[in-house]
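Work through these exercises with the sequence and coordinates open. Try each task before you read its solution.

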Amino acid sequence: PGVPSVWPAATPTASQPGSGAASSPTQSPSAQAGQCSLASIVFSLFTSQPEYGPHQQPRFEVYAVSTAPGTCSMAYGASLVRIAVTWQGQVIWDSAACQGPAATTANFAQGVPQVATVTWNRQAADPACAGSAPAAANGTFQAVAMADGRSTPVLSFKLLR
């Protein structure tokens, strides 16, 4: 995997994709015993490889790790994570337009990651999954993961045609 990107407390800027993100469950610091507090979960964005050949599909992995002692649980999965891919400053794919598998309850232990995987088919021909790479698109692309009003730093990867 690439270099991890930790979710900052800042909200996404206006230049990032619009509304419609799948939201993650918000937990207060005084959540019921056994439920994770969102404040104690650190998210990181990775690509499965730094460069993809002409027929390879980019795969994004969002790791969620609890920093709290003990164990807790919360809903987590690809449907709660929004990935936006940009090329030359334009959003060309947004996973929020895709129907992913439903989130399930994940059990977290301090320092042990839970992983949500999102794959982009590069074409996105399915009407339920809007956006596609222009035919001439190759080179460096950027991805960002978003949830609950926060986003990861931009992660770069390459697509070859």
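The exercises below cover a disulfide, strand pairing and aromatic packing in a predicted model.

**Exercise 1.** Find the disulfide and determine its handedness.

*Solution.*
- Search the whole structure: one disulfide turns up.
- Check the distance. The sulfur atoms of Cys-36 and Cys-72 are 2.0 Å apart, and the cut-off is 2.5 Å.
- Take the torsion about the S-S bond. For Cys-36 and Cys-72 the value is about 90°, so the disulfide is right-handed.
- Place the two ends. Cys-36 sits in the segment before strand S1 (41–47), and Cys-72 in strand S4 (residues 71–76), so the pair ties together parts 36 residues apart in sequence.
- Look at exposure: Cys-36 and Cys-72 are both buried.

**Exercise 2.** Work out the strand order of the open sheet that contains S1, and name its edge strands.

*Solution.*
- Trace the pairing. Three strands form the open sheet in the order S1-S3-S8, with antiparallel pairing.
- Find the strands that pair on one side only. These are S1 and strand S8 (114–119), the edges.
- Add the twist: from one strand to the next it averages 20°.
- Count bridges between S1 and strand S3 (residues 59–66). There are seven.
- Pick one bridge as a check: Phe-46 has Glu-61 in S3 as its partner.

**Exercise 3.** Describe the hairpin of S5 and S6.

*Solution.*
- Start with the strands. S5 (residues 82–87) and S6 (residues 90–94) run antiparallel and are joined by four bridges.
- Locate one bridge: Thr-86 is partnered by Val-91 in S6.
- Inspect the turn. Two residues lie between the strands, and Gln-88 in the turn has a positive phi of about 50°.
- Follow Ile-83 outward. Leaving aside residues up to four places away in sequence, its contacts include Leu-45, Phe-60, Trp-93 and Val-118.
- Relate Ile-83 to the core. In the largest nonpolar core, of 31 residues, Tyr-76, Ile-83 and Val-85 touch the most other members.

**Exercise 4.** Classify the aromatic pairs Phe-43 with Tyr-76 and Phe-141 with Phe-157.

*Solution.*
- Get the total: nine aromatic pairs.
- Take Phe-43 and Tyr-76. Their centres are 6.0 Å apart and their planes 35° apart, a tilted pair.
- Place these rings: Phe-43 is in strand S1 and Tyr-76 in strand S4, 33 residues apart.
- Check burial. Phe-43 has a relative accessible area of 4%, so it is buried. Tyr-76, at 6%, is buried too.
- Take Phe-141 and Phe-157. With 5.9 Å between centres and 25° between planes, the pair is stacked.
- Place these rings: Phe-141 is in strand S9 (residues 139–147) and Phe-157 in strand S11 (residues 155–159).
- Check burial again: both Phe-141 and Phe-157 are buried.

Methods: Residues are numbered from 1 along each chain as its sequence is written. This is a predicted model: local features need pLDDT of at least 70, side-chain atom pairs count only at pLDDT 80 or more; totals for chains, interfaces and linings use all residues. Side-chain values use heavy atoms; hydrogens and water are left out. Two strands pair if DSSP finds at least two bridges between them. Buried means under 20% relative accessible area, exposed over 50%, partly exposed in between (1.4 Å probe, protein chains only). Axes are lines fitted to C-alpha atoms, for helices over the stretch in contact, and angles run from 0 to 180 degrees between N-to-C directions. A nonpolar core is a set of buried Ala, Val, Leu, Ile, Met, Phe, Trp, Tyr and Cys residues joined through side-chain atoms within 4.5 Å. Contact means heavy atoms within 4.5 Å. Rings of Phe, Tyr and Trp (its six-membered ring) pair if their centres lie within 6.5 Å; planes under 30 degrees apart count as stacked, over 60 as edge-to-face and the rest as tilted.
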